[in-house]
Amino acid sequence: MKKISAFLIVVFLATSFYQCKTSKESLISSPKTLPFSSRVSALLGKMTTEEKIGQLNLVTPGGAVTGSVVSTDVEAKIKAGNVGGIFGIRGADKVRQAQQIAVEQSRLGIPLLVGMDVIHGHQTMFPIPLGLSCSWDPALIEQTARVAAVEATADGLMWAFSPMVDIARDPRWGRISEGSGEDPFLGSLIARAMVKGYQGNDLAAKNTLAACVKHYALYGAAEGGRDYATVDMSRIKMHNEYLPPYKAAIDAGVVSVMTSFNTSENVPATANQYLYHDVLRNWWAFNGLVVTDYTAINEMMAHGLGDLETVSALALKNTVDMDMVGEGFLTTLKNSLDKGVITMKDIDLACGRVLTIKEQLGILDDPYKYCDESRQEEIMSQEHRDFARKVAAESFVLLKNDKNVLPLKKGSSIAVVGPLANSRRNMLGTWSVSGDFEKAVTVLEGFREVAAGTGTSISYAKGANISDDPVFAKKVNAFGEEITIDKRSPEDMISEAVGLAKNADVVVAVMGEAADMTGEASSMADIGLQPSQVKLLEALKEVGKPIVLVLYNGRPMTLKWENEQIDAILDVWFGGTEGGRAVADVLFGSVNPSGRLTTSFPVHVGQIPVYHSMLNTGRPYRGEEASKFKSNYLDIPNEALFPFGFGLSYTSFEYGDVVLSAPSMAKGGNIKCAVTVKNTGNLEGREVVQLYIQDVAASISRPVKELKGFQKISLKPGESKRIEFTIDESLLSFYNTDLKLVSEPGAFKAMVGPNSRDLKEKAFELK
Ligand code: BGC
């Protein structure tokens, strides 16, 4: 217990700060009573009001704090029955200690729900989620979540705050790195895969954990890409484009949901009746646990919805069950109950849902089932590391490869330069809460290891700082020194790198963003390479040797100049623990890159949002020279620099024409859409064959194309495969103005190709 006190941060959260006044809000009615098990009902029957409210309180002793408040007096609160769950601690022994306090020293001995931000791996870190999505391989992604669950449960945990499935089309938003990109079809498949990976088939098993889909809802559409900012969109857009991945997670059986910080229709999500009461609980019939995001209840005061008592009651009435860190529930619900603003039934429903998840996980029977110290060896096993290396390589996207600069030739002389080439601190990427960057492999190390004994000469110079701006660096370095500003002058650093480049056959420039230039609270207005790095590239360019840009980034970046000037560009996101080795595997050609973008890369920040499934305008621009009175910019193109679905390979593929099994289909029927793809290069390679559909005429304007299918295939040199998609009504349906899911007879187009831009098409009709 002494040990536990050591990790409980003691900052007093003054409850008196939240002075309450009577709510005059008219609150929404309670949902119908949920059927809890007899065990949960019996437990509820034994609990005092305070104990029930205590179960709704989620605390953190300070492990991963993303807001200004951390929980105080945690140990005393657990003893008093004022805590239902805890996050930010891990380790079978530490969790056991915390659990012992709850089980042995609180009146009813109800065990704690123990959570953590397990986002892209637990201790063995995989690529950031945006990178993972670029594998276009839901089965592989499911496996990463499975490995994360095995490690996390061996580390004392039973609840992961993942998957994050917010559709994001604004690369200025730092949290675009945490999701699966711009598309709801792919995003939904990945959401389902992750839930299955975490939860498995049996939530009560020792090595599965409860997933928590977040952030419900619409968080990715923040105005201006500024974190936590307003979201405002039509309900048609919500249901067709933004809500499907959350729904997919619910349908896959996710047992918990996290609220989002943003408003929607001027009401913060945490109190948003439409999103929660109407859609999540009633329409989608979600009966599981809803937890707020970090202090999201308290933040409703700043949103202008009233004092803490008012907003806490609003959240509870909105079917929110657990209050993360803010303690609005703990400190005000009793008052609201006494005043009749909320009812005991509201509290019972919330408490019953907290107890139910504990029952599902099996901790009511065995509070220490995730505290098995003998499972330690399952964490960061060689098998997990090897898998992480393979996964990282799958996430990389080859954006350019002029004159086949890549793969690099073993036996050549390579200058490895750039601020990310040997920066262990930055390899894991954002939200690597339990990852130890000291265990990560850098690109330079990966290079030296993979090229060892091949007569390849590798020289290294940092060449530039990630940024030369100390004010900017200080902001980014909030969690540790990711941007190190060298004591040498930028000129000295550049001249060292240029010296190496002169003596090399090829330059590999490892550049981009520091890990925490993306993630939460990491919005950027300028999403290009930092000036310090552009200067280095310019100087290297003058040397005249081929340059390969290896790009670390958590968002689509503006790369117009780089695309014009640099010979090859490999986007490696943040590849995780084994990322450095995986970069070497791909650059030296033992792995042929097969990642494809899941977000469009803008030419210029002024284009944002640019995404493949836009609606047409009444004045579409089709590339005419004189383009007045058309929907276009005078100074930049409309199209993305690298479109959604794009990615090259070391081999090449040729697509035959699209062949449909029939020119029309009946409602309830289907047609087959086939294309033959041939590997026309000299290497075996994998291709992601993509199907897009356009509903040409409908009761509402429909996107110019929407992803509706894909297959990742492998082809040997010279080999052809016929790929077939089945188009049925589900792929043609959409939410209409009455928010009914309908398919409407009329003309459609099926389009197939290697990315959302280079497509062959065939028309068909739905009768
Ligand atoms: C983030 C969540 C995260 C939570 C707990 C919040 O600031 O928005 O994604 O799960 O903190 O760490």
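This briefing describes the surroundings of a ligand, a pair of helices in contact, and a few unusual points in the backbone. The model is predicted. The ligand has 14 residues around it, and the protein covers 100% of the 310 Å² of accessible area that the ligand has on its own. Elsewhere, helix α9 and helix α10 cross at roughly 55°, and cis peptide bonds precede Pro-163 and Pro-407.

**The ligand and its shell**

- Among the 14 residues around the ligand, those that come nearest are Thr-66, Asp-117, Arg-175, His-215 and Asp-293.
- Sorted by class, the shell around the ligand consists of seven nonpolar, two polar and five charged residues.
- His-215, one of the residues that come nearest, has a polar side-chain atom that lies 2.7 Å from an oxygen atom of the ligand.
- In the side chain of Lys-214, an N or O atom is 2.8 Å from an oxygen atom of the ligand, and the side chain of Glu-520 likewise has an N or O atom 2.8 Å from an oxygen atom of the ligand.

**Helices α9 and α10**

- Helix α9 spans residues 235–242 and helix α10 spans residues 244–251, and their axes come within 6 Å of each other while crossing at roughly 55°.
- Because of that crossing angle, α9 is described as oblique to α10.
- On the α9 side the contact is made by Met-238, His-239, Asn-240, Glu-241 and Tyr-242, while α10 contributes Pro-244, Pro-245 and Tyr-246.
- The residues of this contact between α9 and α10 divide by class into five nonpolar, two polar and one charged.

**Backbone features in loops**

- Ser-162 and Pro-163 are joined by a cis peptide bond with an omega of about 10°, and Pro-163 has its place in the loop between β4 (159–160) and α8 (184–199).
- Another cis peptide bond runs from Leu-406 to Pro-407, where omega is near -5°, and Pro-407 lies in the loop that falls between β11 (397–401) and β12 (413–417).
- Glu-327, a residue other than glycine, has a positive phi, with a value near 60°, and is found in the loop between β10 (323–324) and α14 (328–339).

Note on methods:
Residues numbered from 1 in each chain as written. Predicted model: local features only at pLDDT ≥ 70, side-chain atom pairs only at ≥ 80, totals over all residues. Heavy atoms only, no water. Axes fitted to C-alpha atoms, helices over the stretch in contact; angles between N-to-C directions. Helix = DSSP H or I, 4+ residues; strand = E, 2+ residues; numbered from the N terminus. Parallel < 35°, antiparallel > 145°, perpendicular 65-115°, else oblique. Contact = heavy atoms within 4.5 Å. Nonpolar A, V, L, I, M, F, W, Y, C, P; charged D, E, K, R; others polar. Near = heavy atom within 4 Å. Polar contact = N/O pair within 3.5 Å; in protein donor to acceptor, adjacent residues only side chain to side chain. Areas by Shrake-Rupley, 256 points an atom, 1.4 Å probe, with all protein chains shown as cover.
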